[in-house]
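Reader: I'd like a close look at one part of this model. Please take me through the aromatic rings and what they surround.

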Amino acid sequence: WPLNDRRFGGYEVTNYPGQQTPVGMVFVQGGRFTMGATDDEMPTLENNSFRRTVSVSSFYMDETEVANVSYREYVYWLYRVYGNDYLDVVNRGMPDSTVWRSPLGFNEFYVKNYFWHSAYNNYPVVGVSWYQANDFCQWRTDRVNELLLIYAGELKPNSTQSGEDVFTTESYINGQYQGTEGPRKHRDLDPNGAGKRVRKRFDGVYLPDYRLPTEAEWEYAALGLIGNN
């Protein structure tokens, strides 16, 4: 039956132009490499001392570490959205500035200023746990997808989100977040539909979820084998 035709059931197939490179990221071409500790490293009790050959699929990775200015934007968003009703959510996202303290050195200047002072905007954020980093990845996914929908005219910017009225990719796709409808709401070709619908994953609008790299991806990217060869 004809595709994208309301008269024939309205089954939609999108002509996907390809994934755009996310802002601040670089493409890492996949390949095979020998992973693990090298012969000149001190032997340890960790499993990374065992050398093995692994295959890594192509992936995108941030060109630099996540900077203080980027993580402060995350903290600012948490406070703006949850600060009035769910302050514990904001506190859970705060980095631990006490990691600078050392019994053999005086680092109180960094404890007070490293994360907040503009002089350290582009320095890597520190004191972030694995769980906080994962939450940051999820927040980054939602903010990027929200902006893509705004650029596509599906939504209008909403700076008054708070409490449970917050855009997430999954809540929007499942119809749990309405927001403010944009001027170019997508037409629904389903004969039994409402005439307009939210963008689904098969429309190709959303980027894949941001995540932390695996151990193999991290080591493979650090070696830079493709570029060096």
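How many aromatic pairs does the structure hold?

Author: This is a predicted model. The structure holds 23 aromatic pairs. Take Phe109 and Tyr110 to begin with. Their ring centres lie 5.8 Å apart. Their planes stand at 80°, which is over 60, so the pair counts as edge-to-face. Phe109 is partly exposed, at 46% relative accessible area. Tyr110 is also partly exposed, with a relative accessibility of 30%.

Now turn to Phe115 and Trp116. Here the ring centres are 4.8 Å apart. The planes meet at 75°, so this pair is edge-to-face too. Phe115 is buried, because its relative accessibility of 7% falls under 20%.

Phe115 and Trp116 also belong to an aromatic cluster. Its other members are Tyr71, Tyr74, Trp77, Tyr82, Tyr86, Phe136 and Trp139.

Next comes the enclosed space. The structure holds 1 cavity of 30 Å³ or more. About 50 Å³ of space lies in the largest cavity. Two residues already discussed, Tyr110 and Phe115, help to line that cavity. So Tyr110, partly exposed at 30%, and Phe115, buried at 7%, both appear in the lining. The rest of the lining is Asn68, Pro95, Ser97, Trp100, Val111, Tyr114, Val125 and Val126. By class, the lining has 8 nonpolar residues and 2 polar ones. No charged residue is part of the lining. Asn68 and Ser97 are the polar members, because neither is on the nonpolar or charged list.

Conventions
Residues are numbered from 1 along each chain as its sequence is written. This is a predicted model: local features need pLDDT of at least 70, side-chain atom pairs count only at pLDDT 80 or more; totals for chains, interfaces and linings use all residues. Side-chain values use heavy atoms; hydrogens and water are left out. Rings of Phe, Tyr and Trp (its six-membered ring) pair if their centres lie within 6.5 Å; planes under 30 degrees apart count as stacked, over 60 as edge-to-face and the rest as tilted. Buried means under 20% relative accessible area, exposed over 50%, partly exposed in between (1.4 Å probe, protein chains only). On a 1 Å grid over the protein atoms alone, a cavity is a set of points where a 1.4 Å probe fits but cannot get out, and a pocket is an open set with protein on both sides within 12 Å along at least five of seven lines; lining residues have an atom within 4 Å of a point. Grid points are joined across faces, edges and corners, and a volume is the space filled by probe spheres set on the points.
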